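Biologist: Could you take me through this model, one topic at a time?
Modeller: Certainly; here is the entry to look at together.

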Amino acid sequence: MAPQALGRDDAAGAGRLTLPIQTGMDAQVRELMERLGADAVRNSDGTELPELVHELAAKVYSTYFVGRGDNAWADAHPDEATRIFLSSDRVVATDESPLAIDLTASWFAEQVRPDVTCDTARWWQAYDRTVGEPLSPAAWRLEEDGHTVTVLEPQAGHAYTVSYLATQTWDPTQMYNYLTNGWDQDPTRVKEKPFDVRHEATWAHVRAHLDGWLRDHPEVDVVRFTTFFYHFTLVYGPDAKERFVDWFGYSASVSVPALEAFEAEYGYRLTPEDFVDAGYYNSPFRVPTRAFRDWISFQHRFVTSRVRELTDAVHAAGKEAMMFLGDNWIGTEPYGEHFADAGLDAVVGSVGSGATCRMIADIPHVRYTEGRFLPYFFPDVFHPDGDPVAEANESWLQARRAIVRSPLDRIGYGGYLSLAVEHPDFIDRVEEIVAQFRSLHTCSGGQRPLAAPFKVAVISSWGRLRSWMTHMVAHALWYRQTYSYIGVLEALSGLPLEVSFLSFDDLREGVPSDVAVLINAGGTGTAFSGGREWDDPALVEAVNAFIARGGGFIGVGAPSDHPRDGVTFQLADALGVDRETGWGLSTNRPLEVQPDHFITADLTASFDDGEGTPDVVVTGHRTQVLDAADGQVRLAASHFGAGRTVYATGLPYNADNSRLLHRAIFWAAGAESDFERWAAVDPRVEVATYPGGQLLAFNNTLEPVTTQVHTPRGPRTIHLEAGGQQWLLGDDA
């Protein structure tokens with residue numbers, strides 16, 4: 001059998017595709033569904049399903065909003081609106097006169113307002129940030145305007161803030177859609193107000209509303225919950241632009257009933273500071289406190305228990321229940337211990353990279369997963385000067401690597417179809433992408449590709465709870481401070497490896513016996529490198545012992561960074577490198593670069609460490625420096641006991657770095673002799689081998705590549721077009 005090229009409908013068939021549809025486009029909808037082979041349709045936020053759905057031989061998804069979209073109820077029950085903990089700006093007292101602090105100076109007045117109806121002495125907190133202590137309620141006063149707090153006797157030179165409970169008066173996602181799409185010009189649009197199911201009256205209303213909706217929509221096959229109860233932290237500034245966004249944030253999951261229930265269950269009170277966190281709002285980069293971990297667990301159990309009531313109702317109506325991994329997803333925690341209790345059939349989420357793709361595809365306890373591909377059909381991309389094809393290419397080439405290793409069951413798009421059809425070149429590209437996606441299922445025979453015979457574990461403070469989620473801020477957005485580390489996750493998402501996620505608590509109990517290589521990547525003091533977690537000698541002992549017994553360890557950036565007892569990296573002895581903070585400048589630490597090494601054998605250009613980590617130095621004679629600049633180590637390998645370690649100052653995602661990490665893992669595992677069969681010669685091309693003998697080669701770039709791949713019958717030379725993929729089947733493999 002000759003090599004089979006993919007990208008043609010006759011090879012890939014139809015199905016596995018969800019398209020957004022809208023009214024007034026019946027002819028175009030029919031044409032596109034037939035052309036693209038779509039077997040499901042959906043509406044998007046702000047649109048209704050057209051009557052056409054009754055005629056289509058397709059599964060019908062409908063978005064359903066649990067905590068918004070009913071302003072009549074919200075207006076009638078203002079005390080049951082969702083709440084959020086916010087902080088004022090820092091204000092420095094220049095003298096000892098009473099100090100006025102405007103709580104709302106940096107927040108969007110149409111979205112949030114101070115909750116003056118609660119017990120402000122209990123749920124508000126003035127703070128002296130200079131000494132790090134709260135003031136007594138008697139030391140401050142709320143003024144009649146409802147948004148000014150006066151610190152009565154401040155200390156000159158001290159900085160003060162006020163943390164307070166605020167009412168949310170506009171749902172953040174609907175607000176984004178409203179502003180992005182210019183809905184202020186449409187008199188039929190309303191600003192949707194969120195409400196909280198912690199209140200029993202609201203919960204009873206939500207349950208009854210769903211029952212009625214299910215009866216009234218017999219045409220709907222899949223209820224696409226978008227999502228449930230609590231929105232991730234997304235607060236706008238006075239300019240109506242995002243001021244603070246944390247896709248993992250729990251600051252908007254609060255209410256007085258919930259806080260009181262927490263105290264009754266856990267036996268201690270939470271304070272505003274437990275949520276405001278000095279203005280960091282428990283960012284996932286912060287090493288989590290006991291209080292924040294407890295709150296996540298508390299809300300996770302509550303959310304999943306009430307989601308189960310909704311999914312039971314959906315199933316009783318003969319429909320499927322799907323969750324969108326976004327918007328109000330807080331508390332669902334797809335990798336949490338209670339997610340299985342939610343009773344969901346499927347999860348759909350936005351795919352912007354390989355890591356976000358694996359984040360969705362690896363979710364347990366559902367029957368199928370679906371990726372909503374980019375770009376979203378919104379006017380910020382689909383306009384006369386926009387280039388949606390470029391965004392589609394970037395999204396697909398990164399996501400495909402992950403889909404090969406952990407296949408999504410379905411893909412789809414969202415937004416307004418009327419915008420997409422104005423870009424016929426984009427529709428052409430979607431047709432190619434969909435065909436390639438289907439072929440991954442068709443030609444693989446439904447089997448996953450083989451993986452190396454050892455497991456890799458990424459370690460952080462979060463462990464399994466944040467599987468494939470580390471270093472994300474606002475989903476897949478780029479940040480200068482993170483790209484040098486999230487590149488590790490991006491590379492791993494498409495490598496032929498079984499990857500798990502462990503917490504430092506897991507390691508204290510002993511590294512699992514099936515793990516061959518640990519990876520610790522992140523900046524100084526973060527939850528991902530560990531920060532204060534490494535102040536525990538038991539953790540250092542456990543990891544050192546694992547390596548010494550023959551384990552592998554890869555550190556990127558500031559692994560185990562926590563200055564103590566003569567070293568900055570607590571694993572400096574095993575890594576063979578440490579970071580010089582200026583305390584040891586009198587020490588001479590010569591280094592000699594050894595450029596020829598198994599790890600660097602495939603580098604086609606100089607090593608790219610992104611933002612890098614400065615002042616890393618050699619600590620012992622076992623260290624092999626593989627790359628250095630200005631007398632500073634950038635890449636190194638070392639032996640420690642029977643084990644091996646690798647260190648890199650940064651590792652942004654690109655083809656060379658993905659290959660370098662691939663080699664580093666095999667070297668650290670002592671498996672370098674087996675590496676050849678898992679990789680193509682050219683790093684731009686990756687390969688996947690299946691149990692049935694099929695082999696898939698795919699080009700991760702937008703330029704043609706000719707390279708050699710390893711097959712059971714020996715090396716084969718193949719040519720791949722830009723972004724292309726090719727199967728070798730039967731005798732050709």
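**Domains, sheets and helices**

Modeller: Between domain 1 and domain 2, 23 residues of the former are in contact with 24 residues of the latter, contact meaning heavy atoms within 4.5 Å. This is a predicted model, in which local features need pLDDT of at least 70 and side-chain atom pairs count only at pLDDT 80 or more, while totals for chains, interfaces and linings use all residues. Residues are numbered from 1 along each chain as its sequence is written, and side-chain values use heavy atoms, with hydrogens and water left out.

Biologist: What are the domain bounds, and how many ångströms separate the centres of domain 1 and domain 2?
Modeller: The assignment gives domain 1 (15–68 + 198–234 + 288–442), domain 2 (453–674) and domain 3 (683–726); such bounds come from an automatic or database domain assignment. The centres of domain 1 and domain 2, taken over C-alpha atoms, are separated by 35 Å.

Biologist: Which feature does UniProt place at residues 455–672?
Modeller: The unreviewed UniProt entry places "domain: Lacto-N-biose phosphorylase central" there; UniProt positions are given in the numbering used here, feature names are shortened, and annotations may be inferred rather than shown by experiment. Over residues 455–672 the chain is 21% helix and 28% strand, with its end C-alpha atoms 15 Å apart. Helices (H or I, at least four residues) and strands (E, at least two) are DSSP runs, numbered from the N terminus.

Biologist: What is the strand order in the open sheet of seven strands?
Modeller: The order is β22-β21-β23-β24-β31-β30-β29, with mixed pairing; two strands pair if DSSP finds at least two bridges between them. Because β22 (498–503) and β29 (624–629) stand at the edges with a single partner strand each, one side of each is left without a neighbour in the sheet. The twist averages 15° from one strand to the next, where axes are lines fitted to C-alpha atoms, for helices over the stretch in contact, and angles run from 0 to 180 degrees between N-to-C directions.

Biologist: How many bridges join β21 to β22?
Modeller: Six bridges join strand β21 (residues 455–460) to β22, and the two run parallel. Serine 460 stands opposite serine 503 in β22.

Biologist: Which strands does helix α16 touch?
Modeller: Helix α16 (residues 537–548) packs on the sheet and touches β23 (515–522), β24 (552–557), β30 (632–640) and β31 (643–648), its direction making about 135° with that of β23. Helix α18 (residues 655–668) lies across β21, β23, β24, β29, β30 and β31, and runs at about 145° to β24.

Biologist: Changing topic: which residues of α6 are buried?
Modeller: In α6, Thr202, Trp203, Val206, Leu210, Gly212, Trp213 and Leu214 are buried. Buried means under 20% relative accessible area, exposed over 50%, and partly exposed in between (1.4 Å probe, protein chains only). The buried residues of α6 pack against β4 (59–64), α3 (71–76), β14 (222–225) and α9 (290–316).

Biologist: Is threonine 304 in helix α9 buried or exposed?
Modeller: Threonine 304, which lies in helix α9, is buried, with a relative accessible area of 3%. Leaving aside residues up to four places away in sequence, threonine 304 touches Gly331, Thr332, His338, Phe339, Asp341 and Ala342.

Biologist: Finally, which way do the side chains of β7 point?
Modeller: Side chains alternate along β7: Leu99 and Ile101 point to one face and are buried, whereas Ala100 and Asp102 point to the other and are not. Isoleucine 101 stands opposite valine 149 in β12.
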